[in-house]
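Trainee: I would like to test the labels we put on a model. Please take me through the reasoning.

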Protein chains: 2
Amino acid sequence: MDTTQRTDQQRSADRRRRELLEAADRVVLRDGPGASMNAIAAEAGITKPILYRHFGDKGGLYAALAKRHTDALLDSLRAALDAPADRRERVEATLDTYLSAIEARPQVYRFLMHPAEGAPSEQGFDVGKHSAPLLRRMGEELAQVIEERLDLGPGSQQLARVWGHGIVGMMHAAGDWWLGERPCSRAELVRSLADLLWGRLAAAGDRVGSPGF
Amino acid sequence: MDTTQRTDQQRSADRRRRELLEAADRVVLRDGPGASMNAIAAEAGITKPILYRHFGDKGGLYAALAKRHTDALLDSLRAALDAPADRRERVEATLDTYLSAIEARPQVYRFLMHPAEGAPSEQGFDVGKHSAPLLRRMGEELAQVIEERLDLGPGSQQLARVWGHGIVGMMHAAGDWWLGERPCSRAELVRSLADLLWGRLAAAGDRVGSPGF
DNA sequence: CATGCGTGTTACTTCCGGTAACACCGAGTC
DNA sequence: GACTCGGTGTTACCGGAAGTAACACGCATG
C-alpha cells in the first residue's frame, strides 16, 4: 500500500526537519535567543511559513532545539553519575561534566537556561511552568539517582527530590556566576561545591569576634 | 539661584517617577513580564513617550522596577541573616524568609527571576550578564556574610563566594520547583534544604545492593 | 509681550510573529 | 494525455509592540 510511500515521506520530512533545526541552531548560537524567524528561515535557505508548518510556532522550534541540546547534556551527566567510583568522586565528576559543557559552549548554555521570550499572550501566572525545562529535568534525574542509591530513611522520596532540585540549582547558579567572572579554575570550583555538599558549611568554626552565622 | 527650583523640579520628577513605577508595578503584576509599554502608560493615565523620557527604554523601566523589589527582598533577607540565633537557625530563617516572599507574591517573583526579553540587539554572548540580577546580588550578599562570620582557612574569600552563589542557587531552584508543584509544606522544604547544607548527603548510607552513589 | 522649558499628545516608522492566498511539481488515476 | 491531489514553496499581508519625531499647552522669567 502506501506504507512505503508514507515512510519515504516521513523520512524526507524528518531529514528536512533536522536540516532546519541545524540551521536554526547556527542562527541561535550566533544571534542569541532573540534570533528572528526570518533570520532562521534565511539561514536555512527558505522562508518563514515553512518553519511554521514544521514547528507550529516559535516556541515549538525553540522547544525542539532545546530538546536536542538538553538530551545531549543529560546523557553526559548520566554517564558521569554512573561512573564506577565512590560517592564523592561521582559528585565531583558530575559537577565537572556540567561545568565543562557550559564552558565549552556558553551560547548553547545561555539559550537553554534563559529561553524566556515565552508566548506574548501568557496571561495567568503559571510560575515556573515555562521557566527552565533543563533545570527541571536535571533536578528530576538527580532526584531519581539519589533516591535509588541512598538510604535516607522515612520520606526519602520527597527528600531526594528536594535535594535533586537544590543541588542542580546550586550547580547552575555557581556555574553561571563562574562563567561570567572566572574567579578560579574549574577544578577549584568543583572542589568548593563538593565541600559545601559535604557539610563544610556546618563544620566550619566561627570567626573570632563573630556571633556565629 | 536656581538650586531651589532645581530641587522642586527634581522632587516633582521623583514623585512622578514613583507614581509611574507604581502603575507599572500594577500592570506587570497583572499581565506578567510581557506587559506592553502602552498598557503601562494607560494604567498611569498618560502615554508612551513620557515613559521613555523617564526610563529611556523598556529595559530601564524594568530595571527600576526590579530594583525596588530586589531591595525590599534583600532587606528582609538581611534581617533574617542578622537575627540572634545559632547558625542552623539563621540558615533556616533565611530560607524561610525567601520562600515566604516568593510564596506570598509569585508574580513579583516571576518578574524578578525571569526578566529576559532583553534588548533585541544583544549580539555577543555576554552570558549571565543580564541574566538574573537578583540572584547575583543575593549570592554576593550571602558570600559577604559567610566570609565575615566563618573561619574557612586559606582561600576563604573565594570559597565564600562560591558558597554564596551556590547556596542562593540551591534556594532558588528548590523554591521554584516547590512553588510549581507544592509537594510539601514550607517548613519541610526548609528543613530538607538545611539538612542538605548540613552534610546529610555525605553522611547518608548506601542503599542495599547499590554501589554507592 | 516674547522666550524658553517641562510636560503632554498624536502620528509615524520599523520590526517581528503569524497567516492567508496563491504557485509549482511529481505521482497516481481515468 | 488531461486531471486531480498532496506536499513544498512563495509573496503579500495583518496585528501589535518598541521606539521616535514633531507638534501643542502651561507657566515662569526677561
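Mentor: What follows sets values against cut-offs, and the model is a predicted one.

Trainee: What makes the pair Arg53(A) and DNA strand D a polar contact?

Mentor: A side-chain N or O atom of Arg53(A) is 2.3 Å from a base nitrogen of the strand. The cut-off for such a pair is 3.5 Å, so the label applies.

Trainee: Which part of DNA strand D does Lys48(B) reach, and which part does Met37(B) reach?

Mentor: Lys48(B) has a polar side-chain atom 2.6 Å from a base oxygen. Met37(B) uses a backbone N or O atom, 2.9 Å from a phosphate oxygen. Two or more residues near the strand come from each of these elements: helix 1 (3-31) and helix 3 (48-55) of chain A, and helix 3 (48-55) of chain B.

Trainee: How many residues surround DNA strand D, and of what classes?

Mentor: There are 16. Seven are nonpolar, four polar and five charged. Of the strand atoms within 4 Å of the protein, 49% are sugar or phosphate; the rest are in bases.

Trainee: How do you know how the two copies are related?

Mentor: Chain B is laid on chain A by a turn of 180° and a shift of 0.0 Å along the axis, with an RMSD of 0.1 Å. The relation is therefore that of a two-fold rotation axis.

Trainee: Why say that the copies meet through the same surface?

Mentor: Because 100% of the interface residues of chain B are interface residues in chain A too.

Trainee: Which residues touch the most other members of the largest nonpolar core?

Mentor: Tyr98(A), Met138(A), Tyr98(B) and Met138(B), in a core of 117 residues. Tyr98(B) touches residues including Leu73(B), Met138(B) and His172(B).

Notes
Residues numbered from 1 in each chain as written. Chains lettered and ligands numbered in written order. Predicted model: local features only at pLDDT ≥ 70, side-chain atom pairs only at ≥ 80, totals over all residues. Heavy atoms only, no water. Near = heavy atom within 4 Å. Polar contact = N/O pair within 3.5 Å; in protein donor to acceptor, adjacent residues only side chain to side chain. Helix = DSSP H or I, 4+ residues; strand = E, 2+ residues; numbered from the N terminus. Nonpolar A, V, L, I, M, F, W, Y, C, P; charged D, E, K, R; others polar. Core = buried A, V, L, I, M, F, W, Y, C linked by side-chain atoms within 4.5 Å. Buried < 20%, exposed > 50% of the residue type's maximum accessible area, 1.4 Å probe, protein only. Contact = heavy atoms within 4.5 Å. Least-squares fit on C-alpha atoms with pLDDT ≥ 70 in both. Lists of a residue's contacts leave out its neighbours within four places in sequence.
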